[in-house]
Amino acid sequence: MERTPEAAEFAEKRLHDLGFEKLIEEQTVTYQMLLDDDHVVIANPCKPERLEFTAFRKRLTGGKRQLTKFESVYPDFYVLDKWKNNLCAKLHEWIGATIAKSAG
């Protein structure tokens with residue numbers, strides 16, 4: 001089940017209000033928030049009635065030819081569409097806790 005057009009518009013506005021940037025590359029749309037040089041949060045607005053977030057940490061691999069890869073930092077976080085209070089604070093609290101766990 002996917003979001004209705006109205007619900008998709010609501011989700012996109014909410015992501016913008018939370019500080020996410022919409023990137024369009026060919027036929028792929030990504031909502032991301034760059035946290036620092038080593039961390040990014042990707043938002044998934046596809047599921048009805050909720051936004052899901054995954055934090056990723058940058059990791060360099062290889063020897064002479066170093067490649068940049070991103071690995072998911074557990075656990076994921078979600079926000080229900082019906083939630084209205086302190087969403088930005090809740091999201092940033094999760095981000096801070098997630099990055100702290102990934103560093104240690």
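**From helix 1 to the salt bridges**

Just after helix 1, G19 takes up a positive phi of about 100 degrees. This structure is a predicted model, and the helix that comes before G19 is a good place to begin reading it.

Helix 1 runs over residues 5-18, and because each of its 14 residues should add 1.5 Å, the expected span is 20 Å, which agrees with the 20 Å that separates its end C-alpha atoms. Which residues of helix 1 are buried? They are A11, R14, L15 and L18. These four cover an arc of only 100 degrees around the axis, and therefore they lie on the same side of helix 1. The general reason is that an α-helix has 3.6 residues a turn, so residues three or four places apart point the same way. On the other side of helix 1, the exposed residues are P5, E6, E9, K13 and H16.

One of these exposed residues, K13, has a relative accessible area of 54%, which is over the 50% that the word "exposed" requires. The side chain of K13 meets that of D17 in a salt bridge, with 2.8 Å from N to O. Both residues belong to helix 1, where they are four residues apart, or about one turn of the helix. Side chains of opposite charge can pair when their charged atoms come close.

How many salt bridges does the structure hold? There are six, and the pair of D17 and K13 is one of them. Another links K47 with E52, whose closest N and O atoms are 3.3 Å apart. The two partners differ in their surroundings, because K47 counts as partly exposed at 44% relative accessibility, whereas E52, with a relative accessible area of 19%, is buried, a value that falls under the 20% limit for that word.

A further salt bridge brings together the side chains of E71 and R57, at 2.6 Å from N to O. Because E71 lies in strand 5 (residues 67-80) and R57 in strand 4 (residues 50-61), this pair ties together parts that are 14 residues apart in sequence. E71 is partly exposed, with a relative accessible area of 25%, and R57 also counts as partly exposed, at 25% relative accessibility. Finally, salt bridges that share partners join K47, R50 and E52 into one network, and the bridge between K47 and E52 described above connects two of its members.

Conventions. Residues numbered from 1 in each chain as written. Predicted model: local features only at pLDDT ≥ 70, side-chain atom pairs only at ≥ 80, totals over all residues. Heavy atoms only, no water. Helix = DSSP H or I, 4+ residues; strand = E, 2+ residues; numbered from the N terminus. Expected span 1.5 Å × (residues − 1). Buried < 20%, exposed > 50% of the residue type's maximum accessible area, 1.4 Å probe, protein only. Arc of directions from axis to C-beta. Salt bridge = Lys/Arg side-chain N within 4 Å of Asp/Glu carboxyl O.
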